Amino acid sequence: MAEFTLPPKSRVKPGKTHDAAGPDAKKKRAFQIYRYDPETGDNPRMDTYRIDLSKCGPMVLDALLHIKNSVDSSLTFRRSCREGICGSCAMNIDGTNTLACTKPIDEVKGDVRITPLPHMPVLKDLVPDLSHIYAQYAAIEPWMKTESPPPTRERLQAPEDSDALNGTDGKGPAACILCFCCSTACPSYWWNSDRFLGPAILMQAYRWLIDTRDEATGERLDQLEDPFRLYRCHTIMNCTKTCPKGLNPAKSIAEVKKMMVERK
Ligand code: SF4
Ligand code: SF4
């Protein structure tokens, strides 16, 4: 019988500890943060930062900014709007993909563990390389395609058609902020991201399929009719569960599959 040895539990070793809370700290909390700098050639590590929460705002992004500004300026992460609109600060917090700017620190029990979005190449620390997923986004041609002559004014849309895009509750496919929390939580995308488009991109594909102003529906469906691009979705639903905006990419994918069946 072949010998089997368990692989090491994790390649990410504990790193440095920065005790920045001070003896008078009113509310101490530890943040374990993934660190990786490809320029050093070192393996990734988890650094621990002990800080005083009374010195920063209530969200995980506030703590990251406090650490960067006051404890360790080398810590690298993306952020922009700080109000859940730009999708830049998507990361894995306490085991779940979410936005650091809308995740309250108080929702995490114990140390706050932060790693980059899973299964993406890491450029540095909490910054994943999004080139591949953006190339997939470009591949679905996310713009209005028309053949009819342009009207004298803008192309109009009935309110109910607009509702289908935006959702009457504001949670339609057009509300997606392209944070990619969903795609990077999808096991099918982890294993097949070279060919499977994943939930974020498929929901955008659906957004253009149902836009009544777009005139390339057949061509768009042709592009998706593929065992990998669309049909690698096995309705595991991780995408919908993790979406920090409360959207439902799994339902959008199901609707695309339905459109495929209905056109036959
Ligand atoms: S429903 Fe489909 S896209 Fe969403 S996590 Fe599951 S397999 Fe991935
Ligand atoms: S569907 Fe949700 S999780 Fe996925 S990219 Fe859009 S906003 Fe982010």
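Helices here are DSSP runs of H or I with at least four residues, numbered from the N terminus, and a residue belongs to the shell around a ligand if its C-beta atom, placed from the backbone, lies within 6 Å of it. With that in hand, α8 turns out to give the most to the shell around ligand 1, at 3 residues. Keep in mind that this is a predicted model. The protein chain has 264 residues, with 8 helices and 8 strands, and two ligand shells plus one helix pair are worth a look.

**The chain overall**
- Taken along the principal axes, the box filled by the C-alpha atoms comes to roughly 70 × 60 × 30 Å.
- Some 33% of the residues in the protein chain count as buried.
- If you take the contacts with a separation of 6 or more, 65% of them join residues 24 or more positions apart.

**Around ligand 1**
- The shell here has 14 residues, and the ones that come nearest are C186, P199, C233, I236 and C239.
- Three elements give two or more residues to this shell: α4 (187-192), α7 (238-242) and α8 (249-262).
- Sorted by class, you get 10 nonpolar and 4 polar residues, with no charged ones.

**Around ligand 2**
- This ligand is surrounded by 14 residues, with C176, C179, C182, A200 and C243 the closest.
- The top giver to this shell is α5, with 3 residues.
- By class, the shell around ligand 2 breaks down into 13 nonpolar residues, 1 charged residue and no polar ones.

**Where α5 meets α8**
- Helix α5 covers residues 198-209, and its axis comes within 9 Å of that of α8, crossing at roughly 55°.
- Angles from 35 to 65 degrees fall outside the roughly parallel and roughly perpendicular ranges, so α5 is oblique to α8.
- As for handedness, the crossing of α5 and α8 is left-handed.
- On the α5 side, the contact is made by P199, A200, L202, M203, A205, Y206 and L209.
- Facing them from α8 are P249, A250, S252, I253, E255, V256 and M259.
- The class tally for this contact is 12 nonpolar residues, 1 polar and 1 charged.

**Residues that turn up twice**
- P199 is one of the residues that come nearest to ligand 1, and P199 also sits among the α5 residues that meet α8.
- A200 is likewise in the α5 contact with α8, while being one of the closest residues to ligand 2.

Note on methods. Residues numbered from 1 in each chain as written. Chains lettered and ligands numbered in written order. Predicted model: local features only at pLDDT ≥ 70, side-chain atom pairs only at ≥ 80, totals over all residues. Nonpolar A, V, L, I, M, F, W, Y, C, P; charged D, E, K, R; others polar. Axes fitted to C-alpha atoms, helices over the stretch in contact; angles between N-to-C directions. Parallel < 35°, antiparallel > 145°, perpendicular 65-115°, else oblique. Left-handed = near helix turned anticlockwise from the far one by under 90°. Contact = placed C-beta atoms within 7 Å. Buried ≥ 20, exposed ≤ 12 C-beta atoms within 10 Å, placed from the backbone.
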